[in-house]
Amino acid sequence: MNQLINNNNMKIIVIGKSGQLAWELAQLSSPEQTIVCLGRDDINLSDVFSLETMLTQKKADAVINASAYTAVDKAESDIENAYALNTKAVGNLAQACKRLAIPLLHISTDFVFQGDKGSPYLPHDIIKPLGVYGDSKAQGEQLVADIYPERSAIIRTSWVYSSHGNNFVKTMLNLMATKPELGVISDQIGTPTYAKGLAQACLSLLKQQVTGIFHYTDTGVASWYDFAIAIQNFGIELGLLDKKIAIKPITTEQYPTPAKRPHYSVLDKSSLIKALPELQLCHWQAQLKNMMIALKNSANQS
């Protein structure tokens, strides 16, 4: 039970190296916890034997699966590929980790919920996805729980962003710099999550060898409109934007998309806090400012 805790050089393999979470995890690599990120060119998620061989060759002590088909709207028409990555590949990874008896931490999403509860979702609330993306992720979760319950954990998160990669924050900054005004949805409620904090939570869960389903986001609640307003305010304060533009709240009906999204997907984190009492949670606005400072510093260095 304490194998990983006492290991002075834990080697963690992260699947999905092009993503925001993998990038943030890579920044936390150290002599005590070596983090190696693998992408589609490095590993074959469609074959259990290939996965097992690769993880053996890499001398993996644990695996974090941060890979996913995340194009929510495209998934509605690209169904086969969405299920291949979000469901079948996850099951293969669970089988490979079970055969090697190494812990698996799988990242999932608030999209497994319908969004009509009206209060924060608990990890074991009934899931009822609204579209292909959410359903494929829900089925992936189920495979992990069915195949490898003894040494696996699942973290659901939401509205993830980072100074690396493409995300809502960077999109808004670009639009605010080039458009005279914006309309942003105000009737979808959730919590923005800085991938850096999520990465730290992932490592804490692995170190403590906690199993089961948990929720992690930053604290607080926001609509996409609230999120956009905060991005603009910090953008002006930090000199990432030259001027303010008008940002208008709009409804989901005014901005139709191929995939339905949950109207309310705030995640209850109390079970994670209980499991990891040392974990420091921050309000989403504080974390947003931290990320935007990192973004500014990165721009100044380049």
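A helix axis here is a line fitted to the C-alpha atoms over the stretch in contact, and the angle between two axes runs from 0 to 180 degrees between N-to-C directions. With that in hand, let's walk through this predicted model.

Start with two helices: α5, which covers residues 168-178, and α9, which covers residues 284-301. Their axes come within 12 Å and cross at roughly 65°. Angles of 65 to 115 degrees count as roughly perpendicular, so that's the word for how α5 and α9 sit relative to each other. The crossing also has a handedness, and for this pair it's right-handed.

So which residues actually touch? On the α5 side you'll find V169, K170 and L173. Across from them, α9 brings L288, M291, M292 and L295. Sort the residues of this contact by class and you get 6 nonpolar, no polar and 1 charged.

Now stay with α9, but turn to the second largest pocket, where α9 shows up again. This pocket has a volume of about 300 Å³, and 16 residues line it. If you want to find its centre in the structure, look for E24, S163, Y194, K196 and A294, which lie nearest to it. Three helices each give two or more residues to the lining: α1 (20-27), α6 (195-208) and α9.

Which element gives the most to this lining? It's α9, with 5 residues. As for the mix of classes, the pocket lining has 5 nonpolar, 8 polar and 3 charged residues, while the contact of α5 with α9 has no polar ones.

Methods
Residues are numbered from 1 along each chain as its sequence is written. This is a predicted model: local features need pLDDT of at least 70, side-chain atom pairs count only at pLDDT 80 or more; totals for chains, interfaces and linings use all residues. Side-chain values use heavy atoms; hydrogens and water are left out. Helices (H or I, at least four residues) and strands (E, at least two) are DSSP runs, numbered from the N terminus. Angles under 35 degrees count as roughly parallel, over 145 as roughly antiparallel, 65 to 115 as roughly perpendicular and the rest as oblique. A crossing is left-handed if the near helix is turned anticlockwise from the far one by less than a right angle, and right-handed if clockwise. Contact means heavy atoms within 4.5 Å. Ala, Val, Leu, Ile, Met, Phe, Trp, Tyr, Cys and Pro count as nonpolar, Asp, Glu, Lys and Arg as charged, and the others, Gly among them, as polar. On a 1 Å grid over the protein atoms alone, a cavity is a set of points where a 1.4 Å probe fits but cannot get out, and a pocket is an open set with protein on both sides within 12 Å along at least five of seven lines; lining residues have an atom within 4 Å of a point. Grid points are joined across faces, edges and corners, and a volume is the space filled by probe spheres set on the points.
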